[in-house]
Amino acid sequence: MSRPRVYLETFGCQMNELDSELVAGQLHALGYRFVDEPEGAQVILYNTCSVREHAEQKVWSRLGELAIRKQDDPVLVVGVLGCLAERDGVALVKRMPVVDVLCGPGELDKLPSLLDNAYRTRQSLLADRVTATDADRRSASQIALQGNSSRRSATLAAAQDSLEMLDLSRATSPLETMDEDHPSAGAVRKRSAYVRITRGCNKFCTYCVVPFTRGAEVHRPPEHIIDECKKLADAGVIEITLLGQTVNHYRFEHGAAVTIGGVVQPQKGRSYAGGHRRDPFAGLRVTTFADLLSRIHEEVPSIERLRFVTSYPRDFGDDVLEVIRDHPRICRYLHVPAQSGSDRILKLMNRGYTVSEYLEFIDRARGFLHEPAKGRPLSISGDIIVGFPTESEADFDATIGLIERVRYKNCFIFKYSPRPGTTAFDKLEDDVPDAIKRRWNNTALDVQSRISDELSRESLGRTLGVFVEGLSRMEEKKRERPAKSCGGGVSLTIGGKVIHSHAGEEDEDAGGLMAPVEALGEAVMGATTQLSGRSDGDHIVFFDVPSGASADELVGRIVPVTIERVQRLSLFGRLDGASAGRSKK
Ligand code: 5AD
Ligand code: SF4
């Protein structure tokens with residue numbers, strides 16, 4: 001049987017991007033080839049997001065198109081992975097019989113065998129020369145869903161954590177060509193990578209599907225995380241972003257660790273009081289989030305930038321802030337969603353903190369980490385939901401007050417989207433009219449844009465270390481090689497697979513990461529080449545390749561750029577030729 005051509009498209013958050021990368025690595029090792037466009041593919045996989053309804057609708061419309069295509073192409077295999085698969089389960093296959101494979105985010109290690117079965121079943125149709133209608137009757141349906149089993153028993157889940165193998169088996173060869181058909185894509189040296197430290201979430205915010213789709217919070221053993229960072233560093237990675245739904249909640253109790261077949265198993269999150277300030281567990285060896293950060297910083301010195309998302313505003317101890325302050329290669333960048341500026345709404349959301357507790361944290365974080373005079377300001381970004389059930393103008397005003405008080409570098413603003421299965425959906429009527437949600441969304445975005453602009457201005461004249469990601473999108477356009485994009489936003493192509501960016505951009509329910517127009521950069525006609533990258537505070541920075549330097553040599557490096565002009569979230573600067581030559585390879 002020939003090697004199947006796969007098209008994989010990713011929706012939603014960074015966790016999904018990482019899942020897609022791991023799944024693609026695994027499939028590639030088994031002989032699957034990846035293609036850039038769905039047209040030539042025999043297998044089409046969507047790694048889906050369920051966090052807002054609009055994200056799901058995009059997938060439904062893609063599936064509708066595939067249903068038409070499958071009429072003429074009955075051997076096509078269609079797979080839905082991720083949160084939508086987990087949330088809708090078999091009902092999804094009933095509604096969309098075009099789907100052959102369903103695989104929840106907690107079962108992705110099983111995807112290769114599911115796909116293999118589905119592919120063989122569909123291929124046998126070809127041999128039998130069956131019609132499209134017959135093909136429908138001979139469904140290849142392959143399903144792996146967690147069905148929330150991870151919440152049933154801590155020991156059982158820990159003892160059967162085969163998903164850990166997916167992260168452990170990560171392919172890290174830097175120049176490995178993921179797809180012989182697209183050698184250029186595969187040959188790009190990968191310099192930035194995500195590393196998962198926790199999976200799932202135990203917070204049960206009343207609006208959120210994540211605790212249901214990704215299951216209980218599980219912490220990976222620190223040794224696994226550090227080994228993965230080392231492997232990535234050996235392969236040329238210089239920037240690592242640690243991922244977790246509540247990343248700062250990371251905590252691994254070695255005394256309680258289970259080992260199976262010589263492999264230490266991930267561990268259920270355990271609740272304990274007191275935050276991370278001083279560890280309350282005497283006699284039990286514990287790796288806290290602060291310990292983990294400092295170990296990675298010390299043990300993997302070639303990582304020039306260590307970042308983490310997303311932080312939960314509670315339980316964020318001074319120990320973590322001290323570690324960030326004292327370790328120069330840890331970015332002074334925190335993504336700590338507040339969700340609302342009204343105590344009443346926060347309570348209904350089950351967020352577990354008040355506005356004043358949130359602000360206490362922001363002030364404490366700035367106290368430790370905001371050192372602009374030393375060239376090390378703290379950048380804070382957030383998420384806000386507007387139009388939560390029962391939200392009044394006064395609640396919304398309080399949210400605007402919070403945005404003004406915190407002064408986020410940027411803030412994602414989402415319109416509340418009722419999600420079946422969540423407490424808010426079951427208990428609270430979605431009673432804020434969409435017109436009001438839209439107005440609040442726009443008002444909040446306007447306030448945030450002004451603040452972003454003011455904060456960006458503070459960077460004028462500063463020289464920032466910029467991790468160069470590639471040609472600016474405007475430069476791509478200029479060259480008629482548009483960046484692959486799903487609903488706007490930044491997207492990367494890794495090994496011929498398109499990896500899309502953070503949830504929310506150009507999502508009808510969302511706004512705020514970056515005004516898409518500004519994120520393009522500017523087309524400069526003539527001989528200059530515009531690159532874009534990110535500062536350690538997560539600002540998007542554009543600059544031209546100086547004469548005598550080449551774009552290829554700069555991409556994937558951290559270079560000093562002096563900021564000369566700003567436009568909201570976009571900073572425009574200059575890299576002098578000498579720096580380009582001197583900067584680290
Ligand atoms: N409606 C709107 N926004 C939501 N988010 C999560 N669930 C919902 C929902 N039901 C937002 C939160 C979270 C971000 C990832 O998505 O702000 O931080
Ligand atoms: Fe969802 Fe709340 Fe968990 Fe974040 S902390 S993933 S918003 S339940």
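Me: What makes the pairing of ligand 1 with the side chain of R52 count as a polar contact?

Reply: The distance does. In this predicted model, an oxygen atom of ligand 1 lies 2.9 Å from an N or O atom in the side chain of R52. A polar contact is a pair of N or O atoms within 3.5 Å, so this pair qualifies.

Me: What distance puts Q339 into a polar contact with ligand 1?

Reply: Here an N or O atom in the side chain of Q339 is 2.7 Å from an oxygen atom of ligand 1. With the limit at 3.5 Å, this pair therefore counts too.

Me: Which part of S417 faces a nitrogen atom of ligand 1, backbone or side chain?

Reply: The backbone: one of its N or O atoms is 2.8 Å from a nitrogen atom of ligand 1. That is again within 3.5 Å, so the pair passes as a polar contact.

Me: Which residues are listed around ligand 1, and why are they called near?

Reply: They are V51, R52, Y207, Q339, D383, I385, F414, K415, Y416, S417 and R419. Each is called near because one of its heavy atoms lies within 4 Å of the ligand.

Me: Let's turn to ligand 2. Which residues surround it?

Reply: Its shell holds C201, K203, F204, C205, Y207, C208, V210, P211, Q245, T246, Y312 and R351. By class, 8 of the shell residues are nonpolar, 2 are polar and 2 are charged.

Me: What makes K203 and R351 charged members of that shell?

Reply: Both surround ligand 2, and Lys and Arg belong to the charged class, so they are the 2 charged residues of the shell.

Me: In which space does ligand 2 sit?

Reply: Ligand 2 takes up the largest cavity. Sitting there means that more than half of its atoms lie within 2 Å of the cavity's grid points.

Me: Why is that space called a cavity and not a pocket?

Reply: A cavity is a set of points where a 1.4 Å probe fits but cannot get out, whereas a pocket is open; the protein atoms alone are considered, so the ligand does not fill the space in this test. The space taken by ligand 2 is of the first kind. By this rule there are 4 cavities of 30 Å³ or more, and the largest has a volume of about 780 Å³.

Me: What lines the largest cavity?

Reply: There are 41 lining residues, and V51, C208, V210, Q245 and D383 are the closest to its centre. The elements that give two or more residues are α1 (14-29), α10 (210-213), β18 and β19 (410-415), with α1 making the largest contribution, 3 residues. By class, the lining has 20 nonpolar, 14 polar and 7 charged residues.

Me: How much space lies in the second largest pocket, and which residues are closest to its centre?

Reply: About 660 Å³ lies in it. Of its 28 lining residues, G375, P377, L464, D536 and G537 are the closest to the centre. Two or more residues come from each of β18 (379-386) and β20 (463-471), and β20 gives the most, with 3. The lining divides into 8 nonpolar, 9 polar and 11 charged residues.

Me: Why is S472 called buried?

Reply: Its relative accessibility is 0%, and buried means under 20%, so S472 belongs in that class. S472 is in the loop between β20 and α19 (473-478), and its side chain makes a polar contact of 2.7 Å with that of Q530.

Me: And why is D538 placed in its accessibility class?

Reply: D538 has a relative accessible area of 11%; that is also under 20%, so D538 is buried. This residue lies in the loop between β24 (530-535) and β25 (540-544), and its phi is near 75°, a positive value in a residue other than glycine.

Me: Why is P301 called exposed, while N350 is called partly exposed?

Reply: P301 has 53% relative accessibility, and exposed means over 50%, so P301 qualifies. N350 has 38%, which falls between 20% and 50%, so N350 is partly exposed. P301 lies in the loop between α12 (289-299) and β16 (305-309); N350 lies in the loop between α14 (343-348) and α15 (355-369).

Me: What is notable about the phi of N350?

Reply: Its phi is near 60°, which is positive although the residue is not glycine.

Conventions:
Residues numbered from 1 in each chain as written. Chains lettered and ligands numbered in written order. Predicted model: local features only at pLDDT ≥ 70, side-chain atom pairs only at ≥ 80, totals over all residues. Heavy atoms only, no water. 1 Å grid on protein atoms, 1.4 Å probe; cavity = no way out; pocket = protein on both sides within 12 Å on 5 of 7 lines; lining within 4 Å. Points joined across faces, edges and corners; volume = space filled by probe spheres on them. Helix = DSSP H or I, 4+ residues; strand = E, 2+ residues; numbered from the N terminus. Buried < 20%, exposed > 50% of the residue type's maximum accessible area, 1.4 Å probe, protein only. Polar contact = N/O pair within 3.5 Å; in protein donor to acceptor, adjacent residues only side chain to side chain.
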